[in-house]
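Visitor: Could you walk me through this structure, please?
Guide: Gladly; let us look together.

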Amino acid sequence: MSHPDFELYDNVGRTSEQIAAARFGIATRDDLLRWARRDAEPFLADHSVPESPLPSPDLAPYLTALAAAAAPAEAHAVTDRLLDAAEPVLRAMSDYLLAAAKWNGHHRSAAPGSPPRLLMEAAGRSLSVMGIADDAGMAALRAHYDPAPTPAAPDREQVPPSLPPTPPNAAPPGPRPGR
């Protein structure tokens, strides 16, 4: 049996987060989530919010079609269809995150890095995924259909030199060594 004075220092089985939290006297992420679940239990009993995750889309047809794609246009068509299918869900998630940021009017004078500002940033980023994916698709199509012209190697005889050639046996420019 261990001595009670040493139990405070026994970190066996504790995570680094738990050890740091104990050192600084703050709650861990798990503590915060446990307390929030406990305090929200009566509220959730009165409001039916689904506990199960939202249904995941079946990506098998998209992955099969992508694997069979032989040209950039075909790969883009598959990706574009997936983005079109996912857009309503991403927009709904963005709308919810924005509503959560505006909850109770806390967003009006929120400081950078505060929960309302972070939620507003998350709302924007959830939709920026669509824009980034679209940009990637357009870049791939441009590279395939309209590649940038490659500069031709200049012909030395046709291009006039920008500086005259150095005369043979000429002294190097600059000050000359003195005696």
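Visitor: How far apart, N to O, are the side chains of Asp146 and Arg142 in their salt bridge?
Guide: This is a predicted model, where local features need pLDDT of at least 70, side-chain atom pairs count only at pLDDT 80 or more, and totals for chains, interfaces and linings use all residues. Residues are numbered from 1 along each chain as its sequence is written, and side-chain values use heavy atoms, with hydrogens and water left out. A salt bridge needs a side-chain nitrogen of Lys or Arg within 4 Å of a carboxyl oxygen of Asp or Glu. For Asp146 and Arg142, the N to O distance is 3.1 Å.

Visitor: Is Arg142 buried or exposed?
Guide: Buried means under 20% relative accessible area, exposed over 50%, and partly exposed in between (1.4 Å probe, protein chains only). Arg142 has 51% relative accessibility, so this residue counts as exposed.

Visitor: Which residue forms a salt bridge with Glu121?
Guide: Glu121 is partly exposed, at a relative accessible area of 38%. Its partner sits 4 residues apart from Glu121 in helix 6, about one helical turn; helices here are DSSP runs (H or I, at least four residues), numbered from the N terminus. With the closest N and O atoms 2.8 Å apart, the partner is Arg125.

Visitor: How many salt bridges does the count come to?
Guide: Another pair is Asp39 with Arg38, at 2.9 Å from N to O. Both Asp39 and Arg38 are exposed. By the salt-bridge rule, the count comes to 5.

Terms used: Helix = DSSP H or I, 4+ residues; strand = E, 2+ residues; numbered from the N terminus.
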